[in-house]
Amino acid sequence: MTGAAAGPAASGIRFDRVSVAYGGNTVLDRLDLTVEPGEVMALLGPSGSGKTTALRAVAGFVRPASGRVYLGDRDVTDLPPHRRGIGMVVQQYALFPHMRVRDNVAFGLKARKVHKTETATRVADALELVGMSAYATRYPRELSGGQQQRVAIARALAVRPGVLLLDEPLSALDAQLRSGMLAELARLHRELPDVSILYVTHDQVEALTLADRIAVMDQARLQDCGTPQELYRSPRTEFTASFVGNANLLPVTVGSGTVAFAGRDLELFTTDATAGATATLCVRPHLVGLGDGPNALTGTVTEVQWRGSTHRLYVDIGGHRVKADLRELREPPALGQKVTLHFAPEDAVLLPAVDQSAPEAVTATGGAHG
Ligand SMILES: Nc1ncnc2c1ncn2[C@@H]1O[C@H](COP(=O)(O)OP(=O)(O)O)[C@@H](O)[C@H]1O
Ligand SMILES: [Mg+2]
């Protein structure tokens, strides 16, 4: 724990009913969200859901139509960006091409008129934090994408911000670099335990890997917020269920102590919903088993995908497509074969309201959770 780039700047972020509109179009709708000091909060959502706008409201690049933004106890809503004590990194590195690495990193300090010797120390500390000390005299064009992004992070850290804002910082990198940088960011966070990090991404793997908590955004609104485990195990909405991890979202009718799906009664751990109501049952594909068991459902195999260590089966059950991720099968079933799937009552989550027009569960990013 060097604390090299951590400083006295205010840590912790609070959005207090923050709304942002462009030309009368609300793109951030009454966001209430608190990021604790030292916490990594991921803002996760599809493109256009308002994530960058929320970040820019914290940085001071966009002015809320209503609501307040706090850093620590300080209301910064009316402060210009350079007086907020924030470090920010965006997707496209945005390094100055004509400046060497060390001058890029020193940029924010020069602007703040930090003394020369102090600047040298902070630049060296920040470069060390991101493992780029050996590259101080290079130009950005002499660096790989991943190295450029490290420099951009060093530049953000050099001002010793209490708050670090990262906007899809890995999305311009290829998959392999991305997973290396994810581990780097996790390490960086351990070395800067007091800095609050707001991490914007549309990639659930990044959010699940890095974040202490995830705020799920859709259509300008906060949909859900919780630890990765909470959102994964007990999503509150269909949107969260499908966006965080894979999900079978089955339309059901609530009975007494059971729910009816495709003409069968299924047992659940809890059903506090009103009998007769329609609802959605969320069952994770990897918690579906093959063969007889509790909540058995028989149907016809419509697709078999071999995914290395697993088989993904698609099974038509009464006109609904159910996905099952099974440990690699010696003898996978043939297309058209009748199979029985099952799941444990405690592995299903009942969600309110069915939107019949909802698209098929999003399998946004694949990867380890795909
Ligand atoms: N400067 C702007 N002027 C007008 N509309 C904008 C501007 N910036 C963003 N928007 C719109 O606001 C919505 C949210 O954008 P953004 O916050 O960038 O989403 P995200 O980062 O989740 O992809 C989008 O519909 C986008 O087109
Ligand atoms: Mg964005």
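**Backbone geometry, ligand shell and cysteines in a predicted model**

R30 lies in strand β2, and in this predicted model the phi angle of R30 is near 50°, a positive value in a residue other than glycine. With a relative accessibility of 42%, R30 is classed as partly exposed. A second residue with this backbone feature is N295, which is not a glycine and yet has a positive phi of about 50°. N295 is placed in the loop that runs between β15 (289-290) and β16 (297-306), and its relative accessibility of 11% puts N295 in the buried class.

Strand β2, in which R30 is found, belongs to an open sheet of four strands, whose order is β2-β1-β4-β5 and whose pairing is antiparallel. The edges of this sheet are formed by β2 (25-35) and β5 (74-75), each of which pairs on one side only. Within the sheet, strand β1 (residues 13-22) and strand β4 (residues 66-71) run antiparallel and are joined by five bridges; for R14, the bridge partner in β4 is Y70.

The surroundings of ligand 1 were examined next. The residues around ligand 1 are Y22, V27, P46, S47, G48, S49, G50, K51, T52 and T53, and by class this shell comprises three nonpolar, six polar and one charged residues. Helix α1 (residues 51-59) makes the largest contribution to the shell, giving three residues. Oxygen atoms of ligand 1 take part in several short approaches to the protein, including one of 3.0 Å to a polar backbone atom of G50. A polar atom in the side chain of K51 is found 2.8 Å from an oxygen atom of the ligand, and for T53 an N or O atom of the side chain lies 2.5 Å from an oxygen atom of ligand 1. On its own, ligand 1 has 560 Å² of accessible area, of which the protein covers 56%.

The side chain of H342 also makes a polar contact, in this case within the protein, as it reaches the backbone oxygen of G291 at 2.8 Å. H342 is located in strand β19 (residues 338-342), and H342 counts as buried because its relative accessibility is 17%, below the 20% limit for that class.

Which sulfur lies closest to that of C225, and at what distance? The closest cysteine sulfur is that of C282, at 18 Å, and this separation is too far for a bond. Conversely, the sulfur of C282 has its closest cysteine sulfur in C225, again at 18 Å, so that no bond can be assigned to C282 either. The reasoning rests on the cut-off for a disulfide, which is a pair of cysteine sulfur atoms within 2.5 Å. In agreement with these distances, a search of the whole structure finds zero disulfides. As to their surroundings, C225 is partly exposed, with a relative accessibility of 29%, whereas C282 is buried, with a relative accessibility of 3%.

Terms used: Residues are numbered from 1 along each chain as its sequence is written. Chains are lettered from A and ligands numbered from 1 in the order in which they are written. This is a predicted model: local features need pLDDT of at least 70, side-chain atom pairs count only at pLDDT 80 or more; totals for chains, interfaces and linings use all residues. Side-chain values use heavy atoms; hydrogens and water are left out. A residue is near a molecule or strand if one of its heavy atoms lies within 4 Å of it. A polar contact is a pair of N or O atoms within 3.5 Å; within protein, one must be able to donate a hydrogen and the other to accept it, and residues adjacent in sequence count only if both atoms are side-chain atoms. Accessible areas come from the Shrake-Rupley method with a 1.4 Å probe; for residues, only the protein chains shown count as cover. Helices (H or I, at least four residues) and strands (E, at least two) are DSSP runs, numbered from the N terminus. Ala, Val, Leu, Ile, Met, Phe, Trp, Tyr, Cys and Pro count as nonpolar, Asp, Glu, Lys and Arg as charged, and the others, Gly among them, as polar. Buried means under 20% relative accessible area, exposed over 50%, partly exposed in between (1.4 Å probe, protein chains only). Two strands pair if DSSP finds at least two bridges between them.
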